[in-house]
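Please read the following account with the coordinates open beside it, moving from the sheet to the helices and then to the core.

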Amino acid sequence: MEKRQYTVRKPAPRQSQADMVFGTQSVLETLRSGKEIERLFIQREFGLAEIEKLAKELGVPFQRVPVEKLNRVTRKNHQGVIAFVSPIQYMPLHNVLTQVYEEGKTPLLLLLDRITDVRNFGAIARTAECAGVQALIVPTKGGAQINADAMKTSSGALNFLPVCREPNLYETLQYLRNSGLQIIACTEKTEKSLYEIDFSIPTVIIMGSEEDGISKEFIQLADSGARIPLSGQVESLNVSVASSIVLYEAVRQRIKI
């Protein structure tokens, strides 16, 4: 939804020692233990084949980075690899959706396309949980890291809201459509108002990147766009604020008085 009017480069959030594991053997054991890992940093010059192979098998995202980046994260002997352990357990989307249908509920899911600001992510998760969203869907790569800052900003909502991490959001949207959900892309690139959308039926809502909104292929795949009417001079809302407006329109339509 959001197009920023200017960009302020912020330092990466600090990771506590409890959030990360470093050293080749420690990281290998953590991978083998089945713990959820947000991502791996691997020193570019090393190319740790065994760790990379295992990460690929487990679907854990990793980046090859210069040693300077690793040294900024920790001054201890990292041996060329750092793993960031997730504070949450990711849920399989199929399981969540099946449970929603089995309980006789109408699905309301929220898919975040490349939302990278941790505090935006946490604020969106807080609103989503309060609004009764049954799953938050995020990409394996290109999204905000779920760390202590995200947990704090969500005010604990991430402890209750199922989060599904998907390697291919386009295929995920196709799966949801085949499962009976309409796809609504929240974007200013449409003439259709938010208030013209029927949110009372099974729905997945897409919210887009802080930088450039929703990916073009997702807009084309959507059943409808939805625009939040704006009367002021600023052309867009913060994505967490926009998410709140959209979700609570869905809540308004679904409330049974």
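Angles here run from 0 to 180 degrees between N-to-C directions, with axes taken as lines fitted to C-alpha atoms. In this predicted model, α9 lies across β5, β8 and β9, and its direction makes about 165° with that of β9.

The sheet beneath is open and has six strands in the order β7-β6-β5-β9-β8-β10, with parallel pairing. At its edges stand β7 (163–166) and β10 (224–226), each of which has a single partner strand, so one side of each is left without a neighbour in the sheet. From one strand to the next the twist averages 25°. Within this arrangement, β5 and β6 pair in the parallel sense over three bridges, and Leu111 stands opposite Ile137 in β6. Another helix, α5, packs on the sheet and touches β5 and β6, its direction making about 175° with that of β5.

How do the axes of α5 and α9 cross, and within what distance do they come? They come within 9 Å and cross at roughly 10°; because angles under 35 degrees count as roughly parallel, α5 and α9 are roughly parallel to each other. Residues making the contact include Ile124 and Ala128 of α5 and Leu247 and Tyr248 of α9, and by class the contact has seven nonpolar, five polar and no charged residues.

Turning to the interior, the largest nonpolar core has 37 residues, and those that touch the most other members are Leu110, Leu112, Phe121, Leu158, Ile205 and Met207. Among the elements that each supply at least two residues of this core are β5, α5, β9 and α9, and α9 gives the most, with six residues. Beyond its neighbours within four places in sequence, Leu110 is in contact with residues including Ile124, Ala128, Ile137, Ile205, Met207 and Leu247.

Methods. Residues are numbered from 1 along each chain as its sequence is written. This is a predicted model: local features need pLDDT of at least 70, side-chain atom pairs count only at pLDDT 80 or more; totals for chains, interfaces and linings use all residues. Side-chain values use heavy atoms; hydrogens and water are left out. A nonpolar core is a set of buried Ala, Val, Leu, Ile, Met, Phe, Trp, Tyr and Cys residues joined through side-chain atoms within 4.5 Å. Buried means under 20% relative accessible area, exposed over 50%, partly exposed in between (1.4 Å probe, protein chains only). Helices (H or I, at least four residues) and strands (E, at least two) are DSSP runs, numbered from the N terminus. Contact means heavy atoms within 4.5 Å. Angles under 35 degrees count as roughly parallel, over 145 as roughly antiparallel, 65 to 115 as roughly perpendicular and the rest as oblique. Ala, Val, Leu, Ile, Met, Phe, Trp, Tyr, Cys and Pro count as nonpolar, Asp, Glu, Lys and Arg as charged, and the others, Gly among them, as polar. Two strands pair if DSSP finds at least two bridges between them.
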